[in-house]
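Below is a short briefing on one protein chain. Look over the sequence and the structure, then read the notes by topic.

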Amino acid sequence: MLKIAILTSTSPLRKTTTRHGVTKQRFNMDAVLELAMRYDVVIIGSLSADEVFQYVEEHLPRDARPKFRLYARSFFHRFNADEAGHASDDPRNPGWEQILSENDVKFEVLRSRIGADQRHTQQRFSWEKLSLYIRDPRVTLVTGGEGTLLYEKPEAAAK
């Protein structure tokens with residue numbers, strides 16, 4: 001079965017180093033190699049500058065490149081949230097719907113749940129809560145900070 005990793009931030013792929021009193025963020029090749037080794041497809045999408053993604057793409061090891069699907073700021077800014085039917089102005093909601101669709105990841109656009117008041121409520125897709133909407137057991141959500149990769153299976157995939 002295909003294994004898919006999804007990152008909604010580039011921060012797990014960065015590390016901060018200090019040389020001669022100058023602090024810089026650098027590309028964490030160890031994290032990239034770990035993802036490439038563990039997963040068949042690695043999807044990374046965030047509002048990080050296109051130059052960050054260009055740098056990542058240029059520095060990926062040749063054998064790992066085909067596994068990575070990168071979606072930078074310019075991808076998300078193509079979406080007008082109002083046209084996509086979202087109440088928020090955040091282009092990441094329709095952007096992530098598009099990303100999941102084009103990568104054949106099973107997810108819900110609308111969640112129906114019973115609320116605290118015992119009434120049936122519907123919740124629209126939110127990229128910030130991907131774990132609640134992704135129903136695909138092949139997917140692992142990857143978060144973390146510099147030098148640390150945290151892995152989480154989506155809650156909705158367990159149901």
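**Confidence**

Strand β6 (residues 110-114) has the lowest mean pLDDT among the elements of the chain, 79, and β1 has the highest, 98. Here pLDDT is the predictor's confidence in each residue, from 0 to 100, and helices (H or I, at least four residues) and strands (E, at least two) are DSSP runs numbered from the N terminus. This is a predicted model, in which local features need pLDDT of at least 70, side-chain atom pairs count only at pLDDT 80 or more, and totals for chains, interfaces and linings use all residues. Residues are numbered from 1 along each chain as its sequence is written, and side-chain values use heavy atoms, with hydrogens and water left out.

- The chain has an average pLDDT of 88, and 94% of the residues score at least 70.

**Strands β4 and β5**

- Strands β4 (residues 41-45) and β5 (residues 68-71) run parallel and are joined by four bridges; two strands pair if DSSP finds at least two bridges between them.
- Val42 has Phe68 in β5 as its bridge partner.
- Together with helix α2 (residues 50-59), β4 and β5 make a right-handed β-α-β unit. Right-handed means that, with the strands pointing away from the viewer, the path from the first strand over the helix to the second runs clockwise.

**Helix α4**

- In helix α4 (residues 92-102), the buried residues (under 20% relative accessible area, 1.4 Å probe, protein chains only) include Trp96, Ile99 and Leu100.
- The buried residues of α4 pack (heavy atoms within 4.5 Å) against elements including β1 (4-7), β4, β5 and β7 (120-124).
- Asp104, with a positive phi near 55°, follows α4.

Methods: Buried < 20%, exposed > 50% of the residue type's maximum accessible area, 1.4 Å probe, protein only.
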